[in-house]
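Work through the exercises below with the sequence and the model side by side. Try each task before reading its solution.

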Amino acid sequence: MLHHVEIYVSNLDASKAFWRNLLRRVGYRQTGSWGEGFTLSNGADPYLTFVQVAPKHAARRYHRCGVGLNHLAFKVPSREAVDALRAYCRKKKIPMLYDERYPFATGGTDYYALFLEDPDRIKVEFVAG
């Protein structure tokens with residue numbers, strides 16, 4: 001069973017604003033914070049930790065199509081929850097992926113999902129349960 005995921009970020013303040021505000025809409029809350037990072041948890045699933053990248057590693061830019069993490073996917077209770085997240089993202093001008101094909105970007109009508117990017121361009125997915 002997965003225990004937690006730790007993600008290094010280029011700008012801790014920007015990532016905190018993005019992730020904390022977005023995931024609070026699906027039941028996550030900040031459960032830890034220290035000078036170089038913070039943790040979000042929903043109390044049941046693996047928790048997420050975000051850490052400011054050290055200056056000596058900052059020049060190595062992330063790209064989700066390279067080796068490493070491609071995206072994080074979160075299951076939400078309903079299609080209405082996905083729609084509410086999309087409305088929030090539009091209001092906050094959060095970059096959405098495949099928006100022209102929303103909500104069926106993967107094809108078919110059974111997989112109802114929203115895809116977006118965080119400040120470091122990590123793909124984030126919210127799929128109706």
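The exercises cover strands, helices, rings, cysteines and one arginine.

This is a predicted model: local features need pLDDT of at least 70, side-chain atom pairs count only at pLDDT 80 or more, and totals for chains, interfaces and linings use all residues. Residues are numbered from 1 along each chain as its sequence is written, and side-chain values use heavy atoms, with hydrogens and water left out.

**Exercise 1. Find the partners of strand S3 and say why S3 is largely enclosed.**

Step 1. Locate S3 at residues 37-41. Strands (E, at least two residues) and helices (H or I, at least four) are DSSP runs, numbered from the N terminus.

Step 2. Look for its partners. Two strands pair if DSSP finds at least two bridges between them. Strand S2 (residues 29-34) runs antiparallel to S3, joined by 5 bridges. Here Trp 34 faces Gly 37. The S2-S3 hairpin has 2 residues between its strands.

Step 3. Turn to S4. S3 and S4 are antiparallel too, with 4 bridges. Leu 40 has Leu 48 as its bridge partner. This hairpin has 5 residues between the strands, and Gly 43 in the turn has a positive phi of about 85 degrees.

Step 4. Check burial. Buried means under 20% relative accessible area, exposed over 50%, partly exposed in between (1.4 Å probe, protein chains only). S3 is largely enclosed by the rest of the structure because 5 of its 5 residues are buried. Gly 37, Thr 39 and Ser 41 point one way, Phe 38 and Leu 40 the other.

**Exercise 2. Give the strand order of the open sheet with 4 strands, then place helix H2.**

Step 1. The order is S5-S8-S7-S6, with mixed pairing. S5 and S6 (96-97) are the edge strands, each pairing on one side only.

Step 2. Inspect one edge. S6 pairs with S7 (residues 113-117) in the antiparallel sense over 2 bridges. Met 96 stands opposite Leu 116.

Step 3. Add the helix. H2 (residues 79-92) lies across S5, S6, S7 and S8, at about 30 degrees to S7. Axes are lines fitted to C-alpha atoms, for helices over the stretch in contact (heavy atoms within 4.5 Å). Angles run from 0 to 180 degrees between N-to-C directions.

**Exercise 3. How many aromatic pairs does the whole structure hold?**

Step 1. Apply the rule. Rings of Phe, Tyr and Trp (its six-membered ring) pair if their centres lie within 6.5 Å; planes under 30 degrees apart count as stacked, over 60 as edge-to-face and the rest as tilted.

Step 2. The search finds 8 pairs. One of them, Phe 74 with Phe 126, is stacked, at 5.4 Å centre to centre and 20 degrees between the planes. This pair links S5 to S8 (residues 123-128), 52 residues apart. Both rings belong to buried residues.

**Exercise 4. Which cysteine is closest to Cys 65, and why is there no bond?**

Step 1. A disulfide is a pair of cysteine sulfur atoms within 2.5 Å.

Step 2. The closest cysteine sulfur to that of Cys 65 is in Cys 89, 20 Å away, which is too far for a bond. The structure holds 0 disulfides.

Step 3. Compare accessibility. Cys 65 is exposed at 58%, whereas Cys 89 is buried at 0%.

**Exercise 5. Is Arg 64 buried or exposed?**

Step 1. Arg 64 sits in the loop between S4 (47-52) and S5 (71-76).

Step 2. Its relative accessibility is 15%, so Arg 64 counts as buried.

Step 3. Beyond neighbours within four places in sequence, its contacts include Tyr 98, Glu 117 and Arg 121.
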